[in-house]
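Me: Hi! I've got a structure to look through and I'd love some help with it. Can we chat about it?
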2 protein chains.
Amino acid sequence: MGIEYDVLTRLRDHGSLSRAQLATGLDVPRPRLLGVVDRLIEAGRVVEAGPAASRGGRRSTLVELDPRIRFAAVDLGVSSVDVEITDGRLMPVASAEEPSDIRLGPEVVLRRVTETLSKLRAQGGVDRLDALGIGLPGPVSFREGVSVSPPIMPGWDRFPVRDLLAKEVGCPVVVDNDVNVMVLGEHHSGVAQRTPDLLFVKIGSGIGCGVQVGGEIYRGADGSAGDIGHIQIEDDGPVCACGNRGCLEAYFGGVALVRDAEAAARAGESPALAERLAATGRLTSRDIADCAAAGDVICTNLIRQGGRRVGRVLTGLVSFMNPSMIVIGGGLAELGPTLLAEIRAVIYARSLPLATGNLSIVRSELGSRAGVVGAAVLASELAYGRFT
Amino acid sequence: MGIEYDVLTRLRDHGSLSRAQLATGLDVPRPRLLGVVDRLIEAGRVVEAGPAASRGGRRSTLVELDPRIRFAAVDLGVSSVDVEITDGRLMPVASAEEPSDIRLGPEVVLRRVTETLSKLRAQGGVDRLDALGIGLPGPVSFREGVSVSPPIMPGWDRFPVRDLLAKEVGCPVVVDNDVNVMVLGEHHSGVAQRTPDLLFVKIGSGIGCGVQVGGEIYRGADGSAGDIGHIQIEDDGPVCACGNRGCLEAYFGGVALVRDAEAAARAGESPALAERLAATGRLTSRDIADCAAAGDVICTNLIRQGGRRVGRVLTGLVSFMNPSMIVIGGGLAELGPTLLAEIRAVIYARSLPLATGNLSIVRSELGSRAGVVGAAVLASELAYGRFT
């Protein structure tokens, strides 16, 4: 990282600035700054943007990011692909969401990604792509750009995602775990903008957690940091997809919630759920949220129990990590206030006061867009020189 | 931190070096390095150390740390004070251990510290002190140099430890939590020398944990990171000193172990323990270790149960943090191999293989010296410019 990175990310986050503002803000001698800006203009990354508003005296000229800069952002979910094209300031210029199935394997799913991207580029006349960022729903070796031992993704283990996409799309590519990408998004333009130490808990089909320490994503020794879905909460609990017993995910998350709701429907405990199950043959977490909102006690209790279990695991992590913010995101976080209320109640009741005095527990501000926003941030960080 | 810090810590960790070796090792232009070394010699921090071994050609001159540099290192325990004076390379030149009682409050305990230090200085003719590092058995505000809400330390809350010691001793002082200090020691000259991401678990009277991420101590938003002794492992467990129920410390650690052993002795379950209790009126963890080593099943089981509970908490933290090393230290870690074996068994059996593939779980190499070694490292970091 050098001055070029600092200039480019400032223009990304603040828009057009004068050279004087850049030199002052970055605490760089003006002659050096001028040289860097000249080089960036030559390289097609920065352009002149007209005179600054007059404050008397000689008018200074503004510079801004080259308006032709384009990033591709991909949020690869278990059952969908979100693709977005943004400009250099990460403003969306085109986007699409396509159904997909991660279990079809990397060739099929990544072809869906490149096809969707081609379609968007053709529609918008986008011939330039500066970088592509993508989040995968499983552990990733960030350095190598491959997914590693993903439990729910047959065929993906060590598949060269980065290199294949770079070849197909023709631009530099950066790959990360989906939750890490969400942390980036929420930190850049969501609820956690001034928060260096935070946990982002994604409650979707499963449960994962992104960890940011001192403003940087923390990945752990093998890239598996934040894998809280398989923390054991009961010795003799139900068998989990990972093979162990009593993991958090075996109790809660979209898959477990639907399983429990369908069992309750079949057992005749919830007429509302039984009616929906009979109508469609299967339930979704949306059904459970709707029934809970309509006053179904079984559904409300399923959500509350899940929140308590998530809260219990997070309470231990609060003692251990003492973060200043926990962001709750993922599909289930959007089901209503009950889940967040339960998580908060457990953490504030059970943690030591010292560790929660300044702790806020909030819902993701970006919601379902956190992944694609973060993927655009990741792409821009690569293009602007963060990893070189 | 600048080149001065780099030069001084290199001379601390490698001994005498030539200017050429320093310039090459630090990747600094030679003229700039020569200027820095000259300034350090003038300031009485570095001295010439004679010619380097000849390799043909012109002989270069070695430099080394000024042999008059002295650091004071203090490890403040619940019931003892360890004080050591070291040279600039952290080699001990004098040391003392005194009984103490943290509950007597900061004035009494810190007077014990300064008196012990004065005695050592008088004995060794130490008139110069460059810095003092001290570890306290409770949460610390590192920035302010005060202890914060320490649960077992009446009178210590927000007491100005740093400023009082600096005034009494007449040198810069740096204060940290005892477990953070142990991590520093073990990372500098113990088992974790090349390990950037690690947990140091201290099992003493209570249980605490030091967290190092990317080679840096991680303190958390309020300085309470690593407080794992109060992670709840059972909803309806025994009441803990913190007021909650079922905390790890309510089950294990020196205090809980002695409580359970005395109960077993009184209940007639362990003749060996009963005999020792009758002889002295109280048991220590040493008694339990001795009886376990002599084949007493009750004692062995108490240690095994404790190890399983510690392992269970650590299993969750391994999933969350994915560290490359866990170091087990503190007084109880020295009781024999059973405790470590149980902790290892639980973590390796219950964690996901991806998170433990490269994880080593080892006993502290520095043992009871970890605190005082780390305090000397901390003092040298302050004196050499780490925190400026």
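Me: Which residues line the second largest cavity?
Reply: In this predicted model, the lining is A:Val211, A:Val213, A:Tyr218, A:Phe320, A:Met321, B:Val211, B:Val213, B:Tyr218, B:Phe320 and B:Met321. A cavity is a set of points on a 1 Å grid over the protein atoms alone where a 1.4 Å probe fits but cannot get out, and lining residues have an atom within 4 Å of a point.

Me: How do they divide into nonpolar, polar and charged?
Reply: There are ten nonpolar, no polar and no charged residues. Here Ala, Val, Leu, Ile, Met, Phe, Trp, Tyr, Cys and Pro count as nonpolar, Asp, Glu, Lys and Arg as charged, and the others, Gly among them, as polar.

Me: And which helices and strands supply at least two residues each?
Reply: Strand S12 (207–213) and H11 do so in chain A, and strand S12 (207–213) and H11 in chain B. Helices (H or I, at least four residues) and strands (E, at least two) are DSSP runs, numbered from the N terminus.

Me: What volume does that cavity have?
Reply: About 90 Å³, where a volume is the space filled by probe spheres set on the points, and grid points are joined across faces, edges and corners.

Me: OK, what about the largest cavity?
Reply: That one holds about 350 Å³ of space. Its lining has 18 residues, and A:Ile231, A:Gln232, B:Ile231, B:Gln232 and B:Arg312 lie nearest its centre. The lining divides into eight nonpolar, six polar and four charged residues.

Me: How many cavities of 30 Å³ or more are there?
Reply: Five.

Me: New topic: how can chain B be laid on chain A?
Reply: A turn of 180° and a shift of 0.0 Å along the axis does it, with an RMSD of 0.0 Å. The two copies are thus related as by a two-fold rotation axis. The superposition is by least squares on the C-alpha atoms of residues with pLDDT of at least 70 in both.

Me: Which residue of chain B comes closest to that axis?
Reply: B:Leu317, with its C-alpha at 3.8 Å.

Me: Any notes on numbering and reliability before I go?
Reply: Residues are numbered from 1 along each chain as its sequence is written, while chains are lettered from A and ligands numbered from 1 in the order in which they are written. Local features need pLDDT of at least 70, side-chain atom pairs count only at pLDDT 80 or more, and totals for chains, interfaces and linings use all residues, while side-chain values use heavy atoms, with hydrogens and water left out.

Definitions and conventions
1 Å grid on protein atoms, 1.4 Å probe; cavity = no way out; pocket = protein on both sides within 12 Å on 5 of 7 lines; lining within 4 Å.
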